[in-house]
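Here are some notes to read alongside the structure, set out as numbered points. I hope they help as you click through the side chains.

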Amino acid sequence: MALAERSGFRVLHVSTKDHSWDFGSRMAFSGFCAVGCVAWTSRLPAAERMDFIKDVLDRYQEVACDQSGEENTFKFYQMDISLLAISEK
């Protein structure tokens, strides 16, 4: 927020929320990642893209999944900020 203010904005509102999407299966989660990771996978040879997604999900599971068994759940934190541009005088 300090960066926004130093850049000429007034922070009007900030809200944050934890989210999670349970895909129900590894296959469905993999399909989501195949679409959501296009910026990275498009730089790989087509034959290596699904291996990349598998590696991403394996590593995500190690880090993000707790002992609740939510291995097919994508967890993320979302912040919404409303700003007002302040005109210079």
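1. A definition to begin with: two rings of Phe, Tyr or Trp (for Trp, its six-membered ring) count as a pair if their centres lie within 6.5 Å, and the pair is called stacked when the planes are under 30 degrees apart, edge-to-face when they are over 60, and tilted for the rest. By that rule, the structure holds 11 aromatic pairs. Please keep in mind that this is a predicted model.

2. Take Phe32 and Phe74 as one example. Their ring centres are 5.7 Å apart and the planes make an angle of 45 degrees, so this pair is tilted. Phe32 belongs to helix α2 and Phe74 to strand β2 (residues 73-85); with their positions 42 residues apart, the pair links distant parts of the chain. Are these two rings buried or exposed? Neither label fits: Phe32 is partly exposed at 29% relative accessibility, and Phe74 is partly exposed as well, at 24%.

3. Phe74 also pairs with Tyr60. Here the ring centres lie 6.1 Å apart with the planes at 50 degrees, so the pair of Tyr60 and Phe74 is tilted. This pair, too, links distant parts of the chain, with Tyr60 in helix α4 and Phe74 in strand β2, 14 residues apart. Tyr60 is buried, with a relative accessible area of 18%; the cut-off for buried is under 20%. If you would like to view the wider group, Trp21, Phe23, Phe29, Phe32, Tyr60, Phe74 and Phe76 form one aromatic cluster.

4. Which residues make up the largest nonpolar core? There are six: Phe29, Cys33, Cys37, Ile53, Leu57 and Tyr60. Helices α2 (26-36) and α4 (49-64) are the elements that give two or more residues to this core, and α4 gives the most, with three. Within the core, Cys33 is in contact with Ile53 and Leu57, leaving aside its neighbours within four places in sequence. Two members, Phe29 and Tyr60, also appear in the aromatic cluster. As general background, nonpolar side chains tend to be buried together in soluble globular proteins.

5. Thr41 deserves a look of its own. This residue sits in helix α3 (residues 38-41) and is buried, with a relative accessible area of 6%. What does Thr41 touch, not counting residues up to four places away in sequence? The list is Ala34, Arg49, Phe52 and Ile53. Of these, Ile53 is a member of the largest nonpolar core.

6. Now to the charged side chains. Opposite charges can pair when their charged atoms come close. How many salt bridges does the structure hold? It holds three. One of them joins the side chains of Arg26 and Asp58, at 2.6 Å from N to O. This pair links distant parts of the chain, since Arg26 lies in helix α2 and Asp58 in helix α4, 32 residues apart. Both ends are partly exposed: Arg26 at 31% relative accessibility and Asp58 at 25%.

7. Asp58 has another partner in Lys54, with the closest N and O atoms 2.9 Å apart. Asp58 and Lys54 are four residues apart in helix α4, so about one helical turn separates them. Lys54 is partly exposed, with a relative accessible area of 48%. Arg26, Lys54 and Asp58 are thus linked in a network of salt bridges.

8. Arg59 and Asp55 form a salt bridge too, and their closest N and O atoms are 3.1 Å apart. About one helical turn lies between Arg59 and Asp55, because they are four residues apart in helix α4. Arg59 is exposed, with a relative accessible area of 53%, whereas Asp55 is partly exposed at 34%.

9. Finally, turn to the surface. Met1, Phe9, Val14, Tyr77, Met79, Ile81 and Leu83 form a nonpolar patch there, and together they have about 650 Å² of accessible area. Strands β1 (9-22) and β2 are the elements that give two or more residues to the patch, and β2 supplies the largest share, four residues. Phe9, in strand β1, is partly exposed at 32% relative accessibility.

Terms used: Residues are numbered from 1 along each chain as its sequence is written. This is a predicted model: local features need pLDDT of at least 70, side-chain atom pairs count only at pLDDT 80 or more; totals for chains, interfaces and linings use all residues. Side-chain values use heavy atoms; hydrogens and water are left out. A nonpolar core is a set of buried Ala, Val, Leu, Ile, Met, Phe, Trp, Tyr and Cys residues joined through side-chain atoms within 4.5 Å. Buried means under 20% relative accessible area, exposed over 50%, partly exposed in between (1.4 Å probe, protein chains only). Contact means heavy atoms within 4.5 Å. Patches are made of residues with over 30% relative accessible area and no salt bridge: like charges are joined within 9 Å, nonpolar side chains (Val, Leu, Ile, Met, Phe, Trp, Tyr) within 5 Å. Accessible areas come from the Shrake-Rupley method with a 1.4 Å probe; for residues, only the protein chains shown count as cover. A salt bridge is a side-chain nitrogen of Lys or Arg within 4 Å of a carboxyl oxygen of Asp or Glu.
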